[in-house]
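Here are a few exercises to work through with the model open beside you. Try each task first, then read the solution.

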Amino acid sequence: MAIHPLASPLSRPASPEQTGGRRIGVLLSHGFTGSPASIKPWGEALAARGYGVEVPRLPGHGTSWQELNRTTWDDWYAELDRAFDRLARESDEVVVGGLSMGGALALQLAADRGEALRGLVLVNPAVATTRKDVLALPVLKWVVPSLPGIANDIKKPGGEEHGYLRTPLKATHSMMRHWRLLREDLVRITVPVLFFKSAVDHVVDPSSLEIIKARISSRDFTERSLEESFHVATLDNDAPTIFEESAAFVARVTS
């Protein structure tokens, strides 16, 4: 199936001459129904500072929502896990970050890999929802293949995520079903965390932040509020803040 021209993965080699002679890698994951297009500017900003950057395209993304509906959380996580292994082989230290579901996948990777990664940068990650209509997903997914999309929650005029216009329900149910397992695993996470949360987010409600803060074992936890951005903050008004502060965070936790 054809891949959207803006959805191709991003890969940039490390420039150790910019990072004290050490090869520092950063792995970034996009969110549900999105694609690398939503976080490539973030990756490019980090690459400009000498970090090796990998932004994989998760299975079923950047093509069609129908294809996404034939994939599951296990497929998406396996792709991120493989990308981590590749980057780790080429790097002295690795930091992992993610937007929305990408943040949830990054949390799972941190729980599974422990201190094999040096830190986490999370932008509006989702591990729960207070919406009651999701309780119907186990049945609804067999009746209705999709609902209106969640893409382009961007405050900045003209912002475009290039995500799907429909939300596939079988894939949605796979993601939300895994949230329960992830919430149980949060206690295993001990690495430093930089957490960006948009003050207004029409996709992920505040319950995810509350759960992560309550259950994570990391003692080094920095929370930043993004006052001028909606959900896709990596393409919104506060994007420069995310780029600058995440670069400083990577430098600190890998020093």
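**Exercise 1. Decide whether helix α1 is mostly covered or mostly open, and find what surrounds its buried residues.**

Solution. Keep in mind that you are looking at a predicted model.

- Step 1: Select helix α1, which spans residues 40-47.
- Step 2: Apply the cut-off for burial, under 20% relative accessible area. Of the 8 residues in α1, 6 pass as buried, and the helix is mostly covered.
- Step 3: Name them. The buried residues are K40, W42, G43, A45, L46 and A47.
- Step 4: Look for their neighbours. These buried residues pack against the strands β1, β2, β3 (52-55), β4 and β5, and also against helix α8 (239-253).

**Exercise 2. Work out the strand order of the open sheet, and explain why one side of β1 and of β9 has no neighbour.**

Solution.

- Step 1: Walk across the sheet. Its 7 strands come in the order β1-β3-β2-β4-β5-β8-β9, with mixed pairing.
- Step 2: Check the two ends. β1 (10-12) and β9 (221-226) are at the edges and have a single partner strand each, so each has one side without a neighbour in the sheet.
- Step 3: Follow the turn of the sheet. From one strand to the next, the twist averages 15 degrees.
- Step 4: Zoom in on one pair. β8 (residues 193-198) and β9 run parallel and are joined by 6 bridges. Within this pair, F195 sits opposite E223 of β9.

**Exercise 3. Find which strands helices α4 and α7 meet, and at what angles the helices run.**

Solution.

- Step 1: Start with α4 (residues 101-113). This helix packs on the sheet and touches β2 (24-29), β4 (93-99) and β5 (119-123).
- Step 2: Compare directions. α4 makes about 145 degrees with β4.
- Step 3: Move to α7 (residues 207-215). Helix α7 lies across β8 and β9, and its angle to β9 is about 165 degrees.

**Exercise 4. Judge how compact the whole chain is.**

Solution.

- Step 1: Take stock of the elements. The chain holds 8 helices and 9 strands.
- Step 2: Compare radii. The radius of gyration is 17 Å, close to the 18 Å given by the globule rule for 255 residues, so the chain is as compact as a globular protein of that length.
- Step 3: Add the burial. Buried residues amount to 56% of the 255.
- Step 4: Turn to contacts with a separation of 6 or more. Residues 24 or more positions apart supply 78% of these.
- Step 5: Finish at the surface. About 10,800 Å² is exposed, with 53% of that coming from carbon and sulfur atoms.

Conventions: Residues are numbered from 1 along each chain as its sequence is written. This is a predicted model: local features need pLDDT of at least 70, side-chain atom pairs count only at pLDDT 80 or more; totals for chains, interfaces and linings use all residues. Side-chain values use heavy atoms; hydrogens and water are left out. Two strands pair if DSSP finds at least two bridges between them. Helices (H or I, at least four residues) and strands (E, at least two) are DSSP runs, numbered from the N terminus. Axes are lines fitted to C-alpha atoms, for helices over the stretch in contact, and angles run from 0 to 180 degrees between N-to-C directions. Contact means heavy atoms within 4.5 Å. Buried means under 20% relative accessible area, exposed over 50%, partly exposed in between (1.4 Å probe, protein chains only). The radius of gyration is taken over C-alpha atoms; the globule rule is 2.2 Å times the number of residues to the power 0.38. Accessible areas come from the Shrake-Rupley method with a 1.4 Å probe; for residues, only the protein chains shown count as cover.
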